[in-house]
Amino acid sequence: MPSKKTEAGYTPRVTIFSSGMETTNESYLHDAKAVARLISEAGYGINNGGRPSGLMDVVAKATVEAGGNLFGVALGNRDSKPSPYFSDYEGYADHYERQRRLIELGDAFIALPGAVGTFHEILEIHILNILGEINKPIVLVGDYFTRYKALIDSFAAEGLMHPDSTPLFYAKDGEEAASIVLKYLDALVKKNYYPPIYYPALTSNEIYKHVLKNTSNYKILFEKLVMTVFPGVYPSNRFRSSKLFAKLVRGVSKDKKVLDIACGHGAMGLVALDVGAKEVVMSDINSTAVQNAKYNLENSPQKDKGVAFESNLFEKIPSIYKNHFDIIFFNPPFHNEKVKKTDTSLAHAFKTQSNEDSVLVKFLKNTKEYLAPNGVVYIGFSNKDKDALALLEDSLKEYGYVFEMVDLENTDTVADNRIYKVIAS
């Protein structure tokens, strides 16, 4: 079934906690398969802890078999190779970062049998509800969780429990658990809900502050490749526009000399190398991003074909690259409002698209110098602001480019995603 979306274009997701240890308990296996299948068939997304074993793996396989979308959030040092069942993957160096991500990705929670880790996850959701930091349901599946109920009841009996209005449910099996959660998710869709991590609906400042929450390196799965993202670097896997752009990069880069402007952690350049680009040059104004791109390049099998420079657009790209590139990729910032906090180099990734000092205008003024004869430019853009979009198209005309839109997606959401093919006239 197609994903079920709110009017804003958001698909609600369920985080499923469970053990990563192997089990032969038929009841546990049945419930894991049932919740994953029923939620996926209803058109909603699933997140789990990313282990390729135990009930986590059972959930992963059942999700994919039902045509669902699975986001694995793992401990990267333990499970650094994403399961083939994952649509998305992030791997964290420590439990805290991983747990935070699992919680913020979930609009509702289901717990299957597990040990200390699973009970910790349940307790944290329970505590956050009690404190009022979240208001999200959690459903505990099967007789296994009579242990948890007895513990909570004992706290209340001893007068040690805070007043508790947590939407906590005990389901007899996976079918009942899915029924409870689906009723809740269907209500979210009717209310046109989206969470505070849904980037298409957020301002540049809100996205900027969320990106800065990561405090250590983490791994991501992006267009079939595992990459590392440093703190303070734009994470390509969290943006629909970047995912769409990467598919185009994979399709056009073979045997080409490529320049990736505003490369971030090297996402597009690495995809181009993976598909057989002849040569890739990457650049970014963010010094941390350049170090990040170099790190990922060093860990790439094609590292000898790539190089990264710290540069404000073309300013520090060596002159030997003039009239050199078959393709230039540019996925510029697309917000018209300014980021309020500008004391980190990451802020440049969200810089305003104003007519005065526009990164788009600066890019278009100099691009032709670096294109080889018959070279092309691809620009990825998210239409979140009509003024920013007008500036892009008006500037293309003003600086003598012929352009066509070669891809357009998510037109029924708060911000569409588009790709322009640009040729110097």
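Q: In this predicted model, which two elements flank the loop that holds Ala262?
A: Happy to start here. Ala262 sits in a loop of the predicted model. One flank of that loop is strand E10 (257-261), and the other is H9.

Q: Is Ala262 buried, partly exposed or exposed?
A: Buried would need a relative accessible area under 20%, and exposed one over 50%. Ala262 has 37%, so the residue counts as partly exposed.

Q: What is the phi of Ala262?
A: Most residues other than glycine have a negative phi. Ala262 has a positive value, and its phi is near 60°.

Q: Where does Asn192 lie, and what is its phi?
A: Let's look at another loop residue. Asn192 is found between helix H6 (174-190) and helix H7 (204-211), in the loop there. Asn192 is not a glycine, yet its phi is positive, near 55°.

Q: What is the relative accessible area of Asn192?
A: The range between 20% and 50% counts as partly exposed. Asn192 is placed in that class because its relative accessible area is 27%.

Q: Which helix gives the largest share of the largest nonpolar core?
A: Nonpolar side chains tend to be buried together in soluble globular proteins. In this chain the largest nonpolar core has 56 residues, and among those touching the most other members are Leu140, Phe145 and Phe222. The largest share of this core, 6 residues, comes from helix H9 (residues 267-274).

Q: How many residues form the second, separate core?
A: Ala62, Leu70, Val139 and Ala177 are included in this second core. It is separate, and its membership comes to 32 residues.

Q: Which residues does Phe222 touch, leaving out those up to four places away in sequence?
A: A touch here requires heavy atoms within 4.5 Å. With residues up to four places away in sequence set aside, the partners of Phe222 are Met227, Ser236, Asn237, Ser242, Lys243, Ala246, Ala267, Met268 and Val271.

Q: What is the radius of gyration of the protein chain?
A: The chain has 425 residues, so a compact globule would come out near 22 Å. The value for this chain agrees with that: 23 Å.

Q: What share of the contacts with a separation of 6 or more joins residues 24 or more positions apart?
A: For context, the protein chain has 12 helices and 16 strands, and 56% of its residues count as buried. Among its contacts with a separation of 6 or more, the share from residues 24 or more positions apart is 70%.

Q: How far apart are the mean positions of the positive and negative charges?
A: The protein chain carries 49 positive and 52 negative charges. Their mean positions are separated by 3 Å.

How values were computed:
Residues numbered from 1 in each chain as written. Predicted model: local features only at pLDDT ≥ 70, side-chain atom pairs only at ≥ 80, totals over all residues. Heavy atoms only, no water. Helix = DSSP H or I, 4+ residues; strand = E, 2+ residues; numbered from the N terminus. Rg over C-alpha atoms; globule rule 2.2 N^0.38 Å. Buried < 20%, exposed > 50% of the residue type's maximum accessible area, 1.4 Å probe, protein only. Lys, Arg positive; Asp, Glu negative; His and termini not counted. Charge placed at Lys NZ, Arg CZ, Asp CG, Glu CD. Core = buried A, V, L, I, M, F, W, Y, C linked by side-chain atoms within 4.5 Å.
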